[in-house]
Amino acid sequence: MKIGILGYGKMGKDIFTLLNDKLTDTEFAVVDTVNAEAGQQSFLKTLSKSLKRGKITEQQFEKKQATVFSDDIAVLHDCDMIIEAVFENLELKQQIFRNLDKLVSENCLLLTNTSSLDISGIFEGISRRERCSGMHFFYPVKLSGFVELNILPETSAETIQTIRKVITASGKQAVVFRGEYHIYLNQILACMVSHGIYLCEYFDVSVPELENALAELFPMAGVFEILDSIGLGLMASSPEHFRIARNRRLLDYGCQKMNQWLADGCPKETRTFLNFIGETSAPTGKPCTDAPLYMTALLLNEISASLAEYDDDKNILLEAVKDILGLAKTPSAYFEQYGREKLCSVLDDLYTKTGFLSYQSNLQKGSIFAS
């Protein structure tokens with residue numbers, strides 16, 4: 001198999017590094033429009049170190065050093081699979097795939113790593129859409145154990161099987177989503193952030209105070225640390241890319257608040273939000289000891305609603321949600337910890353105050369989260 005990587009920014013480079021490390025007998029071609037020569041020199045240097053350390057054989061070294069880096073998509077003409085990883089611009093991605101459609105064979109799989117855009121729209125006008133799909137890695141690529149497989153109605157079973165094999169060979173698990181659930185793990189992540197923003201208002205506390213109150217729930221990275229790592233500019237962009245209707249108003253609320261922070265002078269880049277909020281907001285000293293319960297109620301409610309409609313392996317979905325959100329325990333454990341009655345009481349309180357459908361209870365009797 002020969003895989004093409006189109007786009008060599010943070011995501012493209014990490015995707016290439018992962019697949020190149022794990023798929024030792026696969027050929028690669030990389031399109032880097034910024035500095036292909038520098039990319040190739042860096043790759044060859046890393047490859048030589050891998051050979052010296054015994055991580056790859058001489059035969060593998062010889063094969064991999066033939067990897068082509070170029071700023072011309074023509075080098076992808078004989079690929080069996082192409083993963084696009086350019087920045088989030090619908091028109092750009094559409095043009096890329098139209099150009100590829102004319103270049104590659106009709107059997108070449110065309111995959112987009114988009115984290116927010118309409119996947120069907122990206123492949124608009126492409127012939128043989130049965131070979132097209134979303135294949136969304138999470139950043140940093142090496143840390144998450146899951147890859148979203150966002151399939152179109154036309155995506156063939158053969159295409160899905162081939163992508164699954166690549167994902168499995170890379171050491172990760174595929175989570176399959178369709179229709180409005182495309183890019184679902186980012187959707188629930190966005191809900192978590194918007195809910196965290198609302199809880200600051202609900203408890204009348206500062207962002208750092210709420211972050212501290214939720215530390216035990218999210219031991220790896222807090223709600224606002226995740227927001228900080230993504231950047232306010234991206235997180236505050238229009239939420240219509242996320243298509244689950246029940247979460248529309250909550251996401252709109254979060255985006256309005258984030259855009260207000262931008263208007264107040266917060267930089268849009270990554271790793272700037274927490275510094276800004278720390279300099280512009282003062283601690284209130286008010287208690288928010290119930291914040292973990294209120295955060296958990298929203299997350300379990302959303303997971304419950306998605307499980308009811310999910311037609312693939314529900315256990316993998318639960319594992320992926322825990323992984324992406326960075327929860328300390330499983331959803332089932334939190335359901336048992338708090339109990340349905342208490343969780344529903346919190347949801348009723350939130351729904352009464354806001355009218356957000358995200359807070360309308362979907363929790364059923366018994367732990368539907370148990371494997």
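Is Asp204 buried, exposed or partly exposed, and what is its relative accessible area? In this predicted model, Asp204 is partly exposed, because its relative accessible area of 39% falls between the 20% limit for buried residues and the 50% limit for exposed ones.

**Overall form**

The protein chain contains 16 helices and 8 strands. For 371 residues, a compact globule would be expected to have a radius of gyration near 21 Å, and the value of 22 Å for the protein chain agrees with that expectation. The C-alpha trace extends over about 60 × 45 × 40 Å along the principal axes.

Of the 371 residues, 53% are buried. Among contacts with a separation of 6 or more, 75% link residues that are 24 or more positions apart. The exposed area of the protein chain is about 16,700 Å², of which carbon and sulfur atoms supply 49%. As for charge, the chain carries 37 positive and 48 negative charges, and the mean positions of these two sets are 3 Å apart.

**Helix H7 and the residue after it**

Helix H7 covers residues 184-203. Its 20 residues reach 28 Å from the first C-alpha to the last, close to the 28 Å expected at 1.5 Å a residue. Helix H7 is largely enclosed by the rest of the structure, because 18 of its 20 residues are buried.

Asp204 comes just after H7 and takes a positive phi of about 55°. The residue is not a glycine, and its place is in the loop that leads from H7 to helix H8 (207-213).

**Backbone features in loops**

Arg128 also has a positive phi without being a glycine, with a value near 50°. This residue lies in the loop between helix H5 (119-122) and strand S6. Arg128 counts as partly exposed because its relative accessibility is 30%, a value between the 20% and 50% limits.

The two residues are set side by side below.

| Residue | Phi | Relative accessible area |
|---|---|---|
| Arg128 | near 50° | 30% |
| Asp204 | about 55° | 39% |

A further backbone feature concerns a peptide bond. Tyr139 and Pro140 are joined by a cis peptide bond, with omega at about -5°. Pro140 is placed in the loop between strand S6 (132-136) and strand S7 (146-151). Strand S6 thus borders both loops described here: the loop with Arg128 runs from H5 to S6, and the loop with Pro140 runs between S6 and S7.

Methods: Residues are numbered from 1 along each chain as its sequence is written. This is a predicted model: local features need pLDDT of at least 70, side-chain atom pairs count only at pLDDT 80 or more; totals for chains, interfaces and linings use all residues. Side-chain values use heavy atoms; hydrogens and water are left out. Helices (H or I, at least four residues) and strands (E, at least two) are DSSP runs, numbered from the N terminus. The radius of gyration is taken over C-alpha atoms; the globule rule is 2.2 Å times the number of residues to the power 0.38. Buried means under 20% relative accessible area, exposed over 50%, partly exposed in between (1.4 Å probe, protein chains only). Contact means heavy atoms within 4.5 Å. Accessible areas come from the Shrake-Rupley method with a 1.4 Å probe; for residues, only the protein chains shown count as cover. Lys and Arg count as positive and Asp and Glu as negative; His and the chain ends are not counted. The place of a charge is taken as NZ of Lys, CZ of Arg, CG of Asp or CD of Glu. The expected span of a helix is 1.5 Å times one less than its number of residues.
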